[in-house]
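Here is a short report on one protein chain. Keep the sequence and the 3D view open while reading.

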Amino acid sequence: VFFLLVNSSSTQQLPNVKDLKLPVSVSDKAPQETIIIAITKDAILVQGRKVVALNAINLEADGAIEELKKELVFLSGVDSGTENSAAQVPSDDGKTPEGLKVTIIGDENISYDYLRKILTTCQHANYTSIAFAATQIAKKGA
């Protein structure tokens, strides 16, 4: 029991979303804890909460998915009352801070059009450090 308690805190568990088959990866680097955007066959979820149905997204229009952007800006803690609320503001030392971090989980067969819209939305909400969740496979010869 002690072994399980000690070792269970050293791994990060991504949320278990049914009906998702993640792409595979051979990366040794573990994901950092970030905001999770999950793309299911029906909807986009942020932190496990549905924010927009896929069939409500206009893939032909340019720009961000407004419902997703509002949720990401809200979770960032930035004042959402301004037009450019997610813009990077230089700190006191004159350096522009890094963008916020997000992890995207989606089925390996998700349409690139949805992924492109989600990436655009993340960029508009200042989430520029984006990771994609994948199932890790063992390297050959290891």
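The report covers confidence, the sheet, its central strands, the core and one loop residue.

**Confidence**

This is a predicted model. The chain has a mean pLDDT of 75. Of its residues, 57% reach 70 or more. Confidence is highest in strand 4, at a mean of 94. It is lowest in helix 1 (residues 2-8), where the mean is 50. Two stretches call for caution. Over residues 9-13 the pLDDT stays under 50, and the model has 4 contacts for them beyond four places in sequence. Residues 80-91 also have a pLDDT below 50, with 19 contacts in the model beyond near neighbours in sequence.

**The sheet**

The open sheet is formed by 5 strands in the order 4-3-2-5-6, with mixed pairing. Strand 4 and strand 6 (129-132) stand at the edges with a single partner strand each, so one side of each has no neighbour in the sheet. On average, neighbouring strands are turned by 25 degrees against each other, direction ignored.

The table lists three of the pairings.

| Strands | Sense | Bridges |
|---|---|---|
| Strand 2 (residues 35-39) and strand 3 | antiparallel | 3 bridges |
| Strand 3 and strand 4 (residues 49-53) | antiparallel | 4 bridges |
| Strand 2 and strand 5 | parallel | 5 bridges |

Two of these pairs are linked by hairpins. Strand 2 joins strand 3 through 3 residues. The hairpin of strand 3 and strand 4 has 2 residues between the strands. There, Gln47 takes a positive phi near 55 degrees.

Individual bridges fix the register. Ala38 has Leu45 as its bridge partner in strand 3. Ile37 stands opposite Val46 in strand 3, and its bridge partner in strand 5 is Ile104. Val46 in turn has Arg49 as its bridge partner in strand 4. Ala43 is partnered with Ala53 of strand 4.

**Strands 2 and 3**

In a regular strand, side chains alternate between the two faces of the sheet. Which residues of strand 2 are buried on each side? Ile35, Ile37 and Ile39 are buried on one side, and Ile36 and Ala38 on the other. That makes 5 of the 5 residues of strand 2 buried, so this strand is largely enclosed by the rest of the structure.

Strand 3 (residues 43-46) can be read in the same manner. Ala43 and Leu45 point one way, while Ile44 and Val46 point the other way. All of these residues are buried.

**Helix packing and the core**

Helix 2 (residues 66-76) lies across strand 2, strand 3 and strand 4. Its direction is at about 150 degrees to strand 4.

The largest nonpolar core has 21 residues. Ile37, Ile44, Leu68, Leu72 and Ile118 have the most contacts inside it. At least two core residues come from each of strand 2, strand 3, strand 4, helix 2, strand 5 (101-106) and helix 3 (112-124). Helix 3 supplies the largest share of this core, with 4 residues.

What does Leu72 contact, leaving aside its neighbours within four places in sequence? Its contacts are Ile35, Ile37, Thr121, Cys122, Ala125 and Tyr127. Two of these names, Ile35 and Ile37, are on one side of strand 2.

**Ala125**

Another contact of Leu72 is Ala125. This residue lies in the loop between helix 3 and strand 6. Is Ala125 buried or exposed? Its relative accessible area is 1%. Buried means under 20%, so Ala125 counts as buried. Ala125 and Ser76 are 49 residues apart in sequence. In space, their C-alpha atoms are 8.5 Å apart.

**Reading the model**

Strand 4, with its mean pLDDT of 94, marks the high end of confidence. Helix 1, at 50, marks the low end. Treat residues 9-13, where the pLDDT stays under 50, with care.

Terms used:
Residues numbered from 1 in each chain as written. Predicted model: local features only at pLDDT ≥ 70, side-chain atom pairs only at ≥ 80, totals over all residues. Heavy atoms only, no water. Buried < 20%, exposed > 50% of the residue type's maximum accessible area, 1.4 Å probe, protein only. Pairing = 2+ DSSP bridges. pLDDT = per-residue confidence, 0-100. Contact = heavy atoms within 4.5 Å. Axes fitted to C-alpha atoms, helices over the stretch in contact; angles between N-to-C directions. Core = buried A, V, L, I, M, F, W, Y, C linked by side-chain atoms within 4.5 Å.
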